[in-house]
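Work through these exercises with the model open beside you. Try each task before reading its solution.

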Amino acid sequence: MGKQEYRVTGMTCASCAMTVEMVARELDSIDQAAVNLATETLTVISKDGFDKAELEKAVSEAGYRLVEPELAKGKEEKEEQLVRMRRSLLGLAMLTLPLLYLSMGGMLGLSLPNVSDKMLVLWQFLLTLPVLYLGRGFYSRGFRHLIKRHPNMDSLIAVGTGAAFLYSLRSMAEVFSGNHGALHHLYFESVAVIISLVFLGKYLEFLAKGRTSQVIEQLMDLLPQTAQVWRNETWQTIKSEDILRGDRIRVRAGERMPVDGVVLSGETYVDESMMTGESLPVAKKVGDRITSATVNQLGLIEYQATQVGEETTLAQIRRLIEQAQGSKAPIAALGDKIALYFVPTVLLLGLVAGLFWLAMGESLDFALSIFVSVLVIACPCALGLATPTAIMVGTGKGAEAGILIKSAASLEGLSQVDTLVLDKTGTLTVGHPVLTDIHVSGDLSENDLLQLVASSEQYSEHPLAQAFMTAAKERQIELLPVEDFRVIPGQGLSAKVNEQTLLVGNSRLLASHGVAMNERAKGEMLAEDGKTVMFVALNHTYVGCLAVADAVKEGSREAISHLKTIGKELIILTGDNEKTAHALAKSLGINQVIAQVLPDGKAREIEKIQAEGRRVAMVGDGINDAPALVQADVGIAIGAGADIAMESADIVLMHSDVRDVSKAFRLSQLTLKTIKENLFWAFAYNVLGIPLAMGLFHLFGGPLLNPMFAGLAMSFSSVSVVLNALRLRRRTLTI
């Protein structure tokens, strides 16, 4: 038994992926088969006697092509396919619109060309032929799957439109024979509209799949293209992909780290927020670890490469996303599952009804009319519209509220979620340090103390400096001139302000200068709340302290309260330290905290929760959240976060407001309810109409449904589905 991976070309939707999996599993030499639609790969677990040629043939007969991964054109091939689909869609629109005008214009009061009925029918026929050519894939795949006994939506489309077209040809022949009443038995426009709408759905799904693949491409774009490496006794600029394990790398302030490694020389602060969730830049010195794609904020450092290529943290995150995308089941292809039984049932009923009336002595025309009526009324117009119309209205409603829904799967999944996992930094908090507390000892006022500290920090490159500067600006405090500014590594700074000696830093700084701290306990209490405390001394006398923290975002408390009210279990999952995470959880009323978790660990933690049988939604905003967002049953990204997080997620909250999570739950429930109602109405007409079309009521002297009225009933079912979906627009999402 072995594991092989191949790339499959020609897939455009979940139905395609299901078909490829099915034909692969039917082979005796294959034990397991799984298709990752996002990466267009087929992974098989083979048995003894596996023959690749046999698999290639099976996939080819299903309408797709198997290629070796290294032979695939990848991105260029997808772009070419997208262009082809766009051209076909444009062609279908240009043909279908005039066809609708010719067939339906009279009923709408529009003036038609002053030509004979024969010419009018001929024009409709000629416009339909290229539509059939552009939609030929539905027929080749649909009938092939039907013959192989696993019909899907393509089969439903092929049989329904095929029957309508053949019957229209017969009616056309009658018109040319002088029977002008047969003009009303043409269904050329139905054929064109159905093919065009379904093709539009395929195109939109292909676009969505393309956006999913971009997650991985954008992730790797975070790495710098080049890097400075010590080679042959000189610094050389080489491609990042050419870095070898053991190379010495130089990175300046503002540049990203190309690979993982260990610091050899220099000190700096590194922004790791997108990787670890830590809101504050992390100090790095000799011996400390460096992670690929993080940003060097301050000084020049040199470090040794320890993990390169596929070994780096970023590459591991990419693999996690690929695996999660492949393992997450897409929304159940309800149409395909129904078609598995519905199509052969309808064909059988139509055939039985036709043969029955022949046996009853009716003419061949009568029997054919019965057969086509059954197929036409069973044609999946309403079924095809049931989900997309509700999704279209639901997603539009969400967009108005700043909630971007990417797929029907996410809406369906969200309604089943019982556990909500929330990232901390940038999701529940603002994502950057702000001044939270000022405690004064002595005669100084709060503004006086802030003025001293902000004045000294105006020359500092410390990551916390901006918090003090911003607070001073908000209070309209004028900064004082500073002299003898000096940074004391690992402790703080010293300076002279108005000829007075100022010390700003941690307790070690003040202790090293012999400053007695009579209110040290106050600073320790602030630190217990997860805040960073800066102590201040003026002329070697303690004058107070200031605390900085990643503040709770406006609306977070209200959101948490409401989510608990509607019965969701809440968990904070963060890369930040335990003390800070637990302090935030306590203030928000959340009982469960999982802290100091690396990106790969976040996805594993989600898996553990899912293994308990819980349905999980993950809310996050950073690169480090991307694997967890994909692994979760539903991923929800904060709109102000990283592009990778937004691309990986199923739902994006554009207002960056956690309160919108509650609105998303409400929208999910309303939309799913509408989809179920639509499916009911879509099938209600079939269930009621098929017996009528078969002539069951005519047998007892009742009415007979001819193909024209079958088409009208089919259209009415579509209208009812659309109107029901539009009801969603009047619903409110307020919490």
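**Exercise 1. Find what covers the buried residues of helix α15.**

Solution. Elements that cover them include β16 (429-440), α14 (446-457), β20 (532-538) and β21 (541-552). Contact means heavy atoms within 4.5 Å. Helices (H or I, at least four residues) and strands (E, at least two) are DSSP runs, numbered from the N terminus.

This is a predicted model, where local features need pLDDT of at least 70, side-chain atom pairs count only at pLDDT 80 or more, and totals for chains, interfaces and linings use all residues. Residues are numbered from 1 along each chain as its sequence is written, and side-chain values use heavy atoms, with hydrogens and water left out.

**Exercise 2. Sort the residues of α15 into buried and exposed.**

Solution. Start with the cut-offs: buried is under 20% relative accessible area, exposed is over 50%, and partly exposed lies in between (1.4 Å probe, protein chains only). Helix α15 spans residues 465-474, and its buried residues are Ala465, Ala467, Phe468, Ala471 and Ala472. Seen down the axis, they fall within an arc of 165°, so they line one face of the helix. The arc is that of the directions from the helix axis to the C-beta atoms. Now turn to the face away from the buried side: Gln466, Lys473 and Glu474 are exposed there. Last, look past the helix: Gln476 follows α15 and has a positive phi, near 55°.

**Exercise 3. Trace the open sheet of six strands and find its edges.**

Solution. Read the order as β6-β5-β7-β13-β8-β11, with antiparallel pairing. β6 (234-239) and β11 (289-290) are the edges; each has a single partner strand, so one side of each lacks a neighbour in the sheet. Two strands pair if DSSP finds at least two bridges between them. Check one pair: two bridges join β5 (residues 226-231) to β7 (residues 248-251). Gln228 has Arg250 in β7 as its bridge partner.

**Exercise 4. Locate the salt bridges of Arg231 and Arg245.**

Solution. A salt bridge is a side-chain nitrogen of Lys or Arg within 4 Å of a carboxyl oxygen of Asp or Glu. By this rule there are 21 salt bridges. Arg231 meets Asp247 at 2.6 Å, N to O. Arg231 sits in strand β5 and Asp247 in the loop between β6 and β7, 16 residues apart. Arg231 is partly exposed at 22%, while Asp247 is buried at 10%.

Next, Arg245 pairs with Glu311, with their closest N and O atoms 2.3 Å apart. Arg245 lies in the loop between β6 and β7 and Glu311 in the loop between β13 (301-307) and α9 (313-327), so the pair ties together parts 66 residues apart in sequence. Arg245 is exposed at 52%; Glu311 is partly exposed at 31%.
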